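Hi everyone, thanks for making time for this. Could you bring up the structure on your screens, and then we can walk through it together?

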Amino acid sequence: MNMDSRFAKDADERGRAAGGDYSSSGGELLHLPVCVDGAELGRPTDLLVDLDRLRVVGLNVRCGQGVERFLPLAAAALEGKQINAFSSLALLDESAYYGEHGASLRSLRGAIVDLAGRPIGTLADIVLRADGEVTRIVVRNESGKLRRHGAKHVRIRQRKAARR
């Protein structure tokens, strides 16, 4: 089990949140194939996070021949060992709209995270439900130790370069 997996699970089976909903870390999702009807279309390269709503809105996907596409999370299902797109047509050529409303997870890593107005460390990862809601923020404190905090209780200080 990788470090990301440890933070995605609760006390239940791997990948299942307490309510039976699928739960995963951002880091885990970046290692899963994007498929339609079992056929792999590509691999995620990044997640787009709406910080105002604390939701993952989609994934950047590298498809065949290195072509980058955007997959809105609403057009996919996060399931165990793969991300199932409802159709290959759901992979969009442009993510301009989504980019204006979100920040790249890769660019957010290392950003300062505040709890009650005080810095508690830097963003290491996020944990999200299958519907995209970010439920936990994984923070690396000054000593390098990873801790998870309820997403609604912290604020990620967005760096200027974090917006896409």
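**Salt bridges and a nonpolar core**

Let's begin with the charged side chains: a search across the whole structure turns up 11 salt bridges. Please keep in mind that we are looking at a predicted model.

Let me take you to one of those pairs. The side chains of D50 and R53 come together in a salt bridge, at 3.1 Å from N to O. Now, is each partner buried or exposed? D50 counts as buried, because its relative accessibility is 9%, and buried means under 20%. R53 has a relative accessible area of 53%, so with the cut-off for exposed set at over 50%, R53 is exposed. So this salt bridge joins a buried D50 to an exposed R53.

Next, please find R129. Which side chains meet R129 in a salt bridge? One of them is D131, where the closest N and O atoms are 2.5 Å apart. Another is E133, with 3.0 Å from N to O. As for accessibility, R129 is partly exposed, with a relative accessible area of 26%. D131 is partly exposed as well, at 37%. E133, on the other hand, counts as buried, because its 17% relative accessibility falls under the 20% cut-off.

These residues also belong to a wider arrangement: R55, R129, D131, E133 and K152 are linked in a network of salt bridges. If you highlight those five names on your screen, you can follow the network yourselves.

Let's move from charges to the nonpolar side. The largest nonpolar core has 36 residues. Which residues have the most contacts inside that core? They are L71, I83, I126 and I137. Strand β4, which covers residues 55-63, gives the most to this core, with 4 residues.

I137 deserves a closer look. Leaving out residues up to four places away in sequence, I137 touches V113, L123, D125, I126, R147, R148, H149, A151, V154 and I156. I126 in that list is itself among the residues with the most contacts inside the core.

Finally, a word on cysteines. How many disulfides does the structure hold? The count is 0. Where do C35 and C63 sit, buried or exposed? C35 is buried, with a relative accessible area of 3%. C63, at 15% relative accessibility, counts as buried too, because buried means under 20%.

Thanks for listening, and I'm happy to go back to any part of this.

Notes:
Residues are numbered from 1 along each chain as its sequence is written. This is a predicted model: local features need pLDDT of at least 70, side-chain atom pairs count only at pLDDT 80 or more; totals for chains, interfaces and linings use all residues. Side-chain values use heavy atoms; hydrogens and water are left out. A disulfide is a pair of cysteine sulfur atoms within 2.5 Å. Buried means under 20% relative accessible area, exposed over 50%, partly exposed in between (1.4 Å probe, protein chains only). A nonpolar core is a set of buried Ala, Val, Leu, Ile, Met, Phe, Trp, Tyr and Cys residues joined through side-chain atoms within 4.5 Å. Helices (H or I, at least four residues) and strands (E, at least two) are DSSP runs, numbered from the N terminus. Contact means heavy atoms within 4.5 Å. A salt bridge is a side-chain nitrogen of Lys or Arg within 4 Å of a carboxyl oxygen of Asp or Glu.
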